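Subject: Structure handover

Hi,

Here is the structure I said I would pass on. Have a look at it first, then read on for what turned up in it.

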Amino acid sequence: MGVDGTAGAQRALGWAARYAGLTGAEIVAAHILTYSREFARDLPPSGLSSWRARLRQELHGPWTQEVRDAGVLCRCVLIEH
């Protein structure tokens, strides 16, 4: 499922964690990076790796903490498109 740290995504993730707990399913939490002209203007190339690292930390940390707290297996993926 897609995660991005927003309130809506967190509510959906909470529902998915409860459902996965009942069924024994694994959750794959994915965040998709897309590029646009605005993105290219906002970040110099030297800042991209630290920006990705922060996103990865949020994905593996607070964005998916509720799933781990529920005892559900969670695989996190950061995809660049």
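Before the aromatic rings, a quick word on the rule: rings of Phe, Tyr and Trp (for Trp, its six-membered ring) pair if their centres lie within 6.5 Å, and a pair counts as stacked when the planes are under 30 degrees apart, as edge-to-face when they are over 60, and as tilted otherwise. Going by that, there is one aromatic pair here. Its partners are Trp15 and Tyr19, which are stacked, with 5.3 Å from centre to centre and 5° between the planes. Both sit in helix H1, which covers residues 7–23, and they are four residues apart, about one turn of the helix. Are these two rings buried or exposed? Trp15 counts as exposed because its relative accessible area is 52%, and the cut-off for exposed is over 50%. Tyr19 has a relative accessible area of 46%, so it is partly exposed.

Now the bigger picture. Please keep in mind that this is a predicted model. The mean pLDDT of the protein is 86, and 83% of the residues score at least 70. Where does the confidence dip among the elements, and where does it peak? Helix H2 (residues 37–42) has the lowest mean pLDDT, at 52, while H1 has the highest, at 96.

As for the layout, the protein has four helices and two strands, and along the sequence they come in the order α-β-α-α-α-β. There are 81 residues, and 31% of them count as buried. Of the contacts with a separation of 6 or more, 67% join residues that are 24 or more positions apart. The exposed surface comes to about 5,300 Å², and 56% of it is supplied by carbon and sulfur atoms.

Next, the inside. The largest nonpolar core is made of 16 residues, and those with the most contacts inside it are Val3, Ile27, Ala29, Leu59, Val67 and Cys74. At least two residues of this core come from each of H1, S1, helix H3 (48–60) and strand S2 (74–80). H1 gives the largest share, four residues.

Two alanines in H1 are worth a look on your screen. Ala16 is in that helix, and so is Ala17. Which way do they fall, buried or exposed? Ala16 is buried, because its relative accessible area is 13% and anything under 20% counts as buried. Ala17 is buried too, with a relative accessible area of 3%. Beyond its neighbours within four places in sequence, Ala16 is in contact with Met1 and Ile27. Ala17, with the same kind of neighbours left aside, is in contact with Ile27, Val67, Ala70 and Val72. Val67 is also a handy marker for both: the C-alpha atoms of Ala17 and Val67 are 5.3 Å apart, although 50 residues separate them in sequence. For Ala16 and Val67, the C-alpha separation is 8.3 Å, across 51 residues of chain.

Follow the chain out of H1 and you come to Ala25, in the loop between H1 and S1. Ala25 is partly exposed, with a relative accessible area of 35%. Not counting residues up to four places away in sequence, Ala25 touches Ala20 and Val72. Its C-alpha lies 9.3 Å from that of Cys74, and the two are 49 residues apart in sequence.

Then comes His31, which belongs to strand S1 (residues 27–33). With a relative accessibility of 13%, His31 counts as buried. What does the side chain of His31 have beside it? One of its polar atoms lies 2.7 Å from the backbone oxygen of Val3. Setting aside neighbours within four places in sequence, His31 is in contact with Val3, Asp4, Leu55, Leu59, Trp63, Val77, Leu78 and Ile79.

Val3 itself is a good place to finish. Besides being among the core residues with the most contacts inside the core, Val3 touches Ala9, Leu13, Ala29, Ala30, His31, Leu59 and Trp63, leaving out residues up to four places away in sequence.

Cheers

Methods: Residues are numbered from 1 along each chain as its sequence is written. This is a predicted model: local features need pLDDT of at least 70, side-chain atom pairs count only at pLDDT 80 or more; totals for chains, interfaces and linings use all residues. Side-chain values use heavy atoms; hydrogens and water are left out. Buried means under 20% relative accessible area, exposed over 50%, partly exposed in between (1.4 Å probe, protein chains only). pLDDT is the predictor's confidence in each residue, from 0 to 100. Contact means heavy atoms within 4.5 Å. A polar contact is a pair of N or O atoms within 3.5 Å; within protein, one must be able to donate a hydrogen and the other to accept it, and residues adjacent in sequence count only if both atoms are side-chain atoms. Accessible areas come from the Shrake-Rupley method with a 1.4 Å probe; for residues, only the protein chains shown count as cover. A nonpolar core is a set of buried Ala, Val, Leu, Ile, Met, Phe, Trp, Tyr and Cys residues joined through side-chain atoms within 4.5 Å.
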